[in-house]
Amino acid sequence: MKKIWKPAGLLALLFLGLAFIVTGCDAKDEDSTPSEYSLNDFDGWWFRPEGYVSKGISIVDIFKVDAEAGNWTIYNKHGAALETFSCRADADGLTLNLDALGDATFGLKGQTLVDEEGRVNFVRGEPMELFDPAPFAGKWYKSGDTDSNYFLLDGNSYQKFVTYLPDEPSETGTWKIENTTRIFEDNSSAEETQLTFEVPGDMFGGDSYRLTEDNTVLFDGFHKEYYVKESILGTPAGDAAIAKFELICHNWRGPEFDSPFLTFSDYGTFEITTFNEQGEGVRESAGTWNLDGDKLVIDFNDGTGEIIPYAGESIAVERYGMTFTKND
């Protein structure tokens, strides 16, 4: 979905969840302070220790120091590089540059990096397997329709083609994989993997989709749209994915204008919206759902349930005494 604001140092800002020594934006006078360390002492991969709890918000769990290049790079759990900054070593330890936010310094204690309180923030580890974009290569069709818009991924680049301009891309750029945390209305959360398309010069940061169905579907829950990888189209997995997201990406309305309508979430819950005498919609949780082949299995909040034939266009729910049809 569209991001509202994305400054260049966003990842650095989130890095402030660490406990560190802030040394300011000015570099240390290396001529007057003898260096106890060199970057070679810190070269390699650094990971969060087991059981680490951040003192604030942080998405930096893995990074690599490249002593020869004089920089450090943030990675996600998939081995994808996110952002690179400069770094240096001196008598205090390892200093990581955070652009306009200044510097963060960690001391070296054995094979760990510690903050000013002596708290272990990172431990040295073996090189991780780097992200391979090859499994994502190819076409991703909107709604699984090969006559519709599609993304074409090749390496870390992409092109977007739309039906009204079929012979040349309407958009080009790069894409990346990120880890995100989704917060629900009840304050529970879930870890998600997100694919973000980045357009050079786009101040809004590009469109993001949740990767799901074993990395074969891109789902945008805000705009209620999805893209299916070409390689699974026409297979049972592809048919199941299309059936699932057709259910999620549409409202399902009763036969009359003021009839209730149903909405299904991508996390297996559903709601019913009814209308009061003033014509105002009243939404409430109704239960949970899942698809079992061509059957929609519904469990209501009161413990009852129904198994409903589902062919993608209508849902006859006995409890509500009506048939709900797909509404764009």
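Mentor: Before we start, a bit of vocabulary: a residue is buried under 20% relative accessible area, exposed over 50%, and partly exposed in between. Keep in mind, too, that we're looking at a predicted model.

Trainee: Okay. How many helices and strands does the chain have?
Mentor: Of its 328 residues, 42% count as buried. As for the secondary structure, the chain comes to two helices and 25 strands.

Trainee: What pLDDT does the chain average, and which residues have a pLDDT below 50?
Mentor: The average is 86, and 87% of the residues score at least 70. One stretch falls below 50, and it still has 89 contacts in the model beyond near neighbours in sequence. Where pLDDT is low, the predicted coordinates should not be read in detail. The stretch below 50 is residues 1–34.

Trainee: What share of the contacts with a separation of 6 or more comes from residues 24 or more positions apart?
Mentor: Here we count contacts in the chain with a separation of 6 or more. Residues 24 or more positions apart account for a share of 47%.

Trainee: On to charges. How many salt bridges are there?
Mentor: Side chains of opposite charge can pair when their charged atoms come close. The cut-off is a Lys or Arg side-chain nitrogen within 4 Å of an Asp or Glu carboxyl oxygen. By that rule, the count comes to 16.

Trainee: Take Glu 192 and Arg 182. How many residues apart in sequence are the parts that this pair ties together?
Mentor: The closest N and O atoms of their salt bridge are 3.2 Å apart. Glu 192 lies in strand 14 (residues 189–198) and Arg 182 in strand 13 (residues 171–183), so the pair ties together parts whose separation in sequence is ten residues.

Trainee: And is Arg 182 buried, partly exposed or exposed?
Mentor: Its partner Glu 192 counts as buried, at 12% relative accessibility. Arg 182 has a relative accessible area of 27%. That value lies between the 20% and 50% cut-offs, so Arg 182 is partly exposed.

Trainee: Which residue in the loop between strand 19 and strand 20 is linked with Arg 182?
Mentor: The two side chains meet in a salt bridge of 2.8 Å, N to O. Arg 182 sits in strand 13 and its partner in the loop between strand 19 (261–264) and strand 20 (269–275), 84 residues apart. The partner is buried, with a relative accessible area of 10%. Its name is Asp 266.

Trainee: Which residues are linked with Arg 182 in a network of salt bridges?
Mentor: We've met two of them already, Glu 192 and Asp 266. The full network joins Arg 182 with Glu 192, Asp 266 and Arg 210.

Trainee: Now Glu 313 and Lys 326. Where does Lys 326 lie?
Mentor: Their side chains meet in a salt bridge of 3.4 Å, N to O. Glu 313 is exposed at 51% relative accessible area, while Lys 326 counts as partly exposed at 22%. Glu 313 is in the loop between strand 23 (305–309) and strand 24 (314–317), and Lys 326, 13 residues apart from it, is in strand 25 (residues 322–327).

Trainee: Which residues does Thr 212 touch, not counting those up to four places away in sequence?
Mentor: Thr 212 lies in strand 15 (residues 208–212) and is buried, with a relative accessible area of 11%. Its side chain also makes a polar contact of 3.1 Å with the side chain of Glu 213. Leaving out residues up to four places away, Thr 212 touches Val 217, Phe 219 and Phe 245.

Trainee: Phe 245 sits in helix 2, then. Which residues of helix 2 are buried?
Mentor: Helix 2 (residues 236–248) has 13 residues and reaches 18 Å from first C-alpha to last, close to the 18 Å expected. Its buried residues are Gly 238, Ala 241, Phe 245, Glu 246, Leu 247 and Ile 248.

Trainee: What is the phi of Asp 214?
Mentor: Most residues other than glycine have a negative phi. Asp 214 lies in the loop between strand 15 and strand 16 (217–220), and counts as exposed at 76% relative accessibility. Although Asp 214 is not a glycine, its phi is positive, at about 55°.

Trainee: Last one: how many disulfides does a search of the whole structure find?
Mentor: Cys 87 is buried at 11% relative accessible area, and Cys 249 is buried at 11% too. A disulfide needs two cysteine sulfur atoms within 2.5 Å. Across the whole structure, the number of disulfides found is zero.

Notes. Residues numbered from 1 in each chain as written. Predicted model: local features only at pLDDT ≥ 70, side-chain atom pairs only at ≥ 80, totals over all residues. Heavy atoms only, no water. Buried < 20%, exposed > 50% of the residue type's maximum accessible area, 1.4 Å probe, protein only. Helix = DSSP H or I, 4+ residues; strand = E, 2+ residues; numbered from the N terminus. Expected span 1.5 Å × (residues − 1). pLDDT = per-residue confidence, 0-100. Contact = heavy atoms within 4.5 Å. Polar contact = N/O pair within 3.5 Å; in protein donor to acceptor, adjacent residues only side chain to side chain.
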